[in-house]
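Hello,

Here is the structure I promised to pass on to you. Have a look at it first, and then read on for what turned up.

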Amino acid sequence: MIQCDCLPSIHRSGRTVGVVVSSIVFLFTLGIPAIGPPLLADDAPSASVPTVAGSSRSAFETLESAEAGSQASHHGTRVSVPVDLEPLLERGGTPASLDHLRSMERQQQQVAAKASRCTVSVKIGPAQGCGVIITGSGYIVTAAHVAMRPGKAAVVTLSDGHQVTATTLGMNRHVDAGLMRINPGQNAGKPWPHASLGTSDELVPGMWCIAMGHPGGYDSARGTVIRVGRLLEVRPDVLVSDCALIGGDSGGPLFDMAGELIAVHSRIGNDVTENLHVPIDHYDYSWERMASGEAWGFLPNFKPTLGVTGNQSDSVARIIAVKNGSPAENGGLLAEDVVEQFGEKVILNFQSLKDAVADTMPGERVPIWVRRGSGRIRLVVEIGRSG
């Protein structure tokens, strides 16, 4: 369990702000209660969505090419790196002098100034997270647990406080990668400011990085919160940094010192210095599936569960048994109840109930309508999790 602690410092536009962190179990940032040990929003994609074929970088290369060919190219976040900082960018390390440190600070401020414009706050119902715009047309990458499921309506708050609507697309829950898109027609035909796409296949421990976000939601008096740190571990499915994250940061971006997007915030581990991020290449690998609105997989030990059994061959979703201590029992479900609606989904049989549960997130509170005897009642169940 992470104890109360204080971030060493959080930088915003060259100023330092102290922030106190209350007890956090994991970076589940959508207003859903944390459970268990630490672990970890109608618009269809256009016909021009790039597909992944051949090179593992093909989708992002197509995106970058399309953006470069438009008037949107000046909206990126890349910043030239001074010669004296190139070794730190490529291999990490510590500043060799006070001038070197000042050069790093100037570099961080330049990246942060550009990156803050495309770092957004995301709200789906009462739930709160972050995201980062990656194309002038308004695609946003975020964490899967922020996006929740395809087709959800989201409110996106830009860095200047302006709000727009968006719709969630697909997600690879295996790595906590999610995608959404700002609904068209909300920027007078102009491109959205967006991040320059980097790669996560050349990263090494010790490299410097910059974490952005709106912890706790958008705050006009505070602006985007920036943390500077280093990569501690580089693994295929996750990056670990010492950029301390706070509830509400999920889905926000992690940049390198050149201003390229290298990861998206996912969750925190057992220690305040153990902050986990989704490597940006996973969005490339799964771009076609996510852009088409497909959702799949579960994070390790984070499979949603209801805790009921039923008959697959029954013509309705009749509950045969409710497990002791399960979310279903805690929510008031009983044996012989017939589930007719689960959240927004009409339930036709027990398989459709299983599918609906699989499309939720652990900790999510879901209204369920059941037929009990001759009456119909509404219950609210908080979804649990299993390995």
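Which kind of contact do the side chains of Glu364 and Arg149 meet in? They form a salt bridge, with 2.7 Å from N to O. The term stands for a side-chain nitrogen of Lys or Arg within 4 Å of a carboxyl oxygen of Asp or Glu. This pair links distant parts of the chain: Glu364 is in the loop between H8 and E24, Arg149 is in the loop between H4 and E8, and 215 residues separate them.

Before going further, a word on how to read the numbers. This is a predicted model, so local features need pLDDT of at least 70 and side-chain atom pairs count only at pLDDT 80 or more, while totals for chains, interfaces and linings use all residues. Residues are numbered from 1 along each chain as its sequence is written, and side-chain values use heavy atoms, with hydrogens and water left out.

Now the overall picture. The protein chain has 8 helices and 26 strands, taken as DSSP runs numbered from the N terminus (helices: H or I, at least four residues; strands: E, at least two). Of its 387 residues, 53% count as buried; here buried means under 20% relative accessible area, exposed over 50%, and partly exposed in between, with a 1.4 Å probe and protein chains only. The chain exposes about 16200 Å², and carbon and sulfur atoms supply 51% of that. Accessible areas come from the Shrake-Rupley method with a 1.4 Å probe, and for residues only the protein chains shown count as cover.

Back to the charged pairs, since the structure holds 17 salt bridges. Arg149 also pairs with Asp359, where the closest N and O atoms are 3.9 Å apart. Asp359 sits in the loop between H8 and strand E24 (365-372), and Arg149 in the loop between helix H4 (144-147) and strand E8 (153-157), 210 residues away along the chain. Each of the three partners is buried: Arg149 has a relative accessible area of 11%, Asp359 has 14%, and Glu364 has 9%.

The loop between H4 and E8 takes part in another such link, through Lys152 and Glu344, 192 residues apart. Their closest N and O atoms are 3.5 Å apart. Glu344 lies in the loop between strand E22 (338-342) and strand E23 (345-346). Is each partner buried or exposed? Glu344 is exposed at 66% relative accessible area, whereas Lys152 is buried at 15%. Salt bridges that share partners also join Arg149, Arg173, Lys345, Asp359 and Glu364 into one network.

A few other places are worth a click. Ser352 lies in helix H8 (residues 350-358) and is buried, with a relative accessible area of 18%. Its side chain reaches the backbone oxygen of Asn349 at 2.7 Å. That is a polar contact, a pair of N or O atoms within 3.5 Å; within protein, one must be able to donate a hydrogen and the other to accept it, and residues adjacent in sequence count only if both atoms are side-chain atoms.

Ala113, in helix H3 (residues 98-115), is partly exposed at 39% relative accessibility. Its C-alpha atom is separated by 9.6 Å from that of Thr224, 111 residues away along the chain.

Finally, the cysteines. Cys118 is buried at 1% relative accessibility, and Cys130 is buried at 0%. With a disulfide taken as a pair of cysteine sulfur atoms within 2.5 Å, the count comes to 0.

Best wishes
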